[in-house]
Amino acid sequence: MVENALLDDARFDPTQRELLQITWQMLEAIHNGSPDTYRRLCAPDLSCYEDVCTHRVDGVEFHLALIRQMAKNPDLKPVRFDILSPRIQVYGDTGIVTYTRLMTHDDGGTPRFSTFNETRVYVRTAGAWQMAHFHRSPA
């Protein structure tokens, strides 16, 4: 669950809190190797730009394969992740969540950190939010 400090932040309205919670669930699904949760939270025609590929990737299947691989290799999983400085913008049935993700890894007993700037774009269809696009780059 998202840290209470984020959810209780008075600057977020209920819709913004919902989008932040969905983003948290999405990241947990990635780190915990839960492709079913990830698929449920994504539009089937998901598109993205991220640091692992120099071209746009279309469709959710690419990411589901990565999530399944992560589930097989627990050493890839961070011991913790944090959403830093979230900003949530809502325009009707479109929500944009931007933040820096701080991941903490256990490197043989020594903490190792990695950070990424991320943008996640959600659309509300049939009353549910689904991620339609994201962009991730090293910070």
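Reader: How many bridges join strand β3 to strand β4?

Author: This is a predicted model, with residues numbered from 1 along each chain as its sequence is written. Local features need pLDDT of at least 70, side-chain atom pairs count only at pLDDT 80 or more, totals for chains, interfaces and linings use all residues, and side-chain values use heavy atoms, leaving out hydrogens and water. Helices (H or I, at least four residues) and strands (E, at least two) are DSSP runs numbered from the N terminus, and two strands pair if DSSP finds at least two bridges between them. Strands β3 (residues 80-91) and β4 (residues 94-107) run antiparallel, and the number of bridges joining them is 10.

Reader: Nice, and which residue in the turn of that hairpin has a positive phi?

Author: Along the paired strands, Leu 84 stands opposite Thr 100 in β4. The hairpin leaves two residues between β3 and β4, and the turn residue with a positive phi, about 65°, is Gly 92.

Reader: What is the bridge partner of Asp 106 in β5?

Author: β4 also runs antiparallel to strand β5 (residues 110-125), joined by 14 bridges. That hairpin has two residues between the strands, with Gly 108 at a positive phi near 65°. In β5, Asp 106 is bridged to Pro 111.

Reader: Which element gives the most residues to the largest nonpolar core?

Author: A nonpolar core is a set of buried Ala, Val, Leu, Ile, Met, Phe, Trp, Tyr and Cys residues joined through side-chain atoms within 4.5 Å; buried means under 20% relative accessible area, exposed over 50% and partly exposed in between, with a 1.4 Å probe and protein chains only. The largest one has 29 residues, and Met 26, Tyr 38, Cys 42, Leu 46, Tyr 122 and Met 131 have the most contacts inside it. Among the elements that each supply at least two residues are α3 (35-41), β1 (42-50) and β6 (128-138). With eight residues, the one that gives the most is α2.

Reader: Is Leu 64 buried or exposed?

Author: Leu 64 is found in helix α4, and its C-alpha atom is 5.5 Å from that of Pro 35, 29 residues away along the chain. Not counting residues up to four places away in sequence, Leu 64 has contacts (heavy atoms within 4.5 Å) with Pro 35, Tyr 38 and Arg 39. Its relative accessibility is 0%, so Leu 64 counts as buried.

Reader: What accessible area do Val 52, Phe 62 and Leu 66 have together?

Author: Phe 62 lies in helix α4 (residues 61-72) and is partly exposed, because its relative accessible area is 35%. Patches take residues with over 30% relative accessible area and no salt bridge, joining like charges within 9 Å and nonpolar side chains (Val, Leu, Ile, Met, Phe, Trp, Tyr) within 5 Å; areas come from the Shrake-Rupley method with a 1.4 Å probe, and for residues only the protein chains shown count as cover. Val 52, Phe 62 and Leu 66 form such a nonpolar patch on the surface, and their accessible area together is about 260 Å².

Reader: Which residue is linked with Glu 118 and Arg 120 in a network of salt bridges?

Author: A salt bridge is a side-chain nitrogen of Lys or Arg within 4 Å of a carboxyl oxygen of Asp or Glu, and the count comes to eight. Arg 120 pairs with Glu 118, their closest N and O atoms being 3.1 Å apart, and both residues are buried. The other residue linked into their network is Arg 101.

Reader: Finally, which residue forms a salt bridge with Arg 80?

Author: Arg 80 counts as partly exposed, because its relative accessibility is 46%. Its partner has 13% relative accessibility and so counts as buried. The N to O distance is 2.7 Å, and the partner is Asp 82.
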